[in-house]
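Colleague: I've got this model open and I'd like a close look at one part of it. Could you walk me through one helix and its surroundings?

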Amino acid sequence: MTSKLRAAARCAGRVALAAALAVGLILAAAFNPQAIFAHHLRYGAYDVWSDRPIPAAAARAVLDDATRRMARSPLWSADQRFRVFICNDNWRLALYSYRFSGRMGGATDTLLTRNVFLRESDFATNRLIPPSRGRDMTDRPLSYYLAHEFTHVMESRAFGLVPAARYPHWLLEGYADYVGKAGRFDYAANLALLKAGAPELDWKTSGLYRVFHLETAYYLDRQGWTVGQLFARRPSEREALAAVLALPSGEGGERSETGGAVR
Ligand SMILES: [Zn+2]
């Protein structure tokens, strides 16, 4: 082997070692986020970690409200456990979501750990502090965000790891919004906004999942599909949007349950 080849081999070896170390560090961090969250509360089905002290009574009340929302879904069962990490320092959310941005409500790892990470939150007021201060959060308290992200955990338990690889985005987010809001959703008003082209119904610019909620509720409530049928048939986003837009204005009714039996 020439000296040049030996040098190239040494260099490749160092790169491989550095890559292996980086992967090892990422996996260690992914499986052990508790190491950098100093505060912990165990309550019912939940383990909550936070980088700030957790007010126990307020947190229990918020978790009870999250349970009330999730228990309406056939994907919920009393034996499931859920882990959430509250990232009051939003760099933790940026790190653990692997998106390197703290400008989101939360993120769920549906591949390795089923850990949920939420941005800065206040249990005492049942509030998640949004990235944009002027944002209307009235229909999305902290208990909504918990139920929403835990629904992604339930989706992955019911329908397989990394559901994003197999199911359309509108369905995963629409069902999480549907469960999270637990029936508090004005179908007719949101349908009218969608038909009028209102910016709140454009999820790409608003970051809101109301259009996906309309589509999910259309199949579960109007068509009477079970959650299992909806995920098995998984209509495309275009198909779901067309079905909702074909509804006469004022349609949709007030009923918004979280779906019948899974199968
Ligand atoms: Zn989501």
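Modeller: Let's take helix 5 and then work outwards to the helices around it. Keep in mind that this is a predicted model.

A bit of orientation to start. The protein chain has 10 helices and seven strands, and its C-alpha atoms fill a box of roughly 75 × 45 × 40 Å along the principal axes. Of the 263 residues in the chain, 35% are buried. If you take contacts between residues at least 6 apart in sequence, 67% of them join residues at least 24 apart.

Now zoom in on helix 5, residues 169-181. This helix has 13 residues and reaches 18 Å from its first C-alpha to its last, close to the 18 Å expected at 1.5 Å a residue. Helix 5 is mostly covered, with 12 of its 13 residues buried. Go along it and you'll find W170, L171, L172, E173, G174, Y175, A176, D177, Y178, V179, G180 and K181 on the buried list. So what do those buried residues of helix 5 pack against? They pack against helix 2, helix 4, helix 8, helix 9 (227-233) and helix 10 (237-245). Just past the end of helix 5, have a look at A182, which takes a positive phi of about 50 degrees. For context, most residues other than glycine have a negative phi.

Two of those neighbours also pack on each other. Helix 2 (residues 56-70) and helix 4 (residues 142-159) meet at an angle of about 50 degrees, their axes 8 Å apart. That angle makes helix 2 oblique to helix 4, and the crossing of the two is right-handed. On the helix 2 side you want V62, D65, A66, R69 and M70, which meet L142, S143, L146, A147, F150 and T151 in helix 4. Sort the residues of that contact by class and you get seven nonpolar, two polar and two charged.

Helix 8 (residues 210-222), another neighbour of helix 5, has a packing partner in helix 6 (residues 187-195). Helix 6 and helix 8 pack at an angle of about 120 degrees, with axes 10 Å apart, and are therefore oblique to each other. Helix 6 passes helix 8 in a left-handed crossing. To find the contact, pick out Y187, N190, L191 and L194 in helix 6, then R210, V211, L214 and A217 in helix 8. By class, that contact of helix 6 with helix 8 has six nonpolar residues, one polar and one charged.

Last, the other two neighbours, helix 9 and helix 10. The loop between helix 9 and helix 10 holds R234, whose phi is near 35 degrees, a positive value in a residue other than glycine. Is R234 buried or partly exposed? R234 counts as partly exposed, because it has 16 C-beta neighbours inside 10 Å; being buried would take 20 or more.

While you're checking backbone angles, look at R114 too. It sits in the loop between strand 4 (106-108) and strand 5 (115-118), and its phi is near 60 degrees, again a positive value in a residue other than glycine. R114 is partly exposed, with 19 other C-beta atoms within 10 Å.

Methods. Residues numbered from 1 in each chain as written. Predicted model: local features only at pLDDT ≥ 70, side-chain atom pairs only at ≥ 80, totals over all residues. Axes fitted to C-alpha atoms, helices over the stretch in contact; angles between N-to-C directions. Helix = DSSP H or I, 4+ residues; strand = E, 2+ residues; numbered from the N terminus. Parallel < 35°, antiparallel > 145°, perpendicular 65-115°, else oblique. Left-handed = near helix turned anticlockwise from the far one by under 90°. Contact = placed C-beta atoms within 7 Å. Nonpolar A, V, L, I, M, F, W, Y, C, P; charged D, E, K, R; others polar. Expected span 1.5 Å × (residues − 1).
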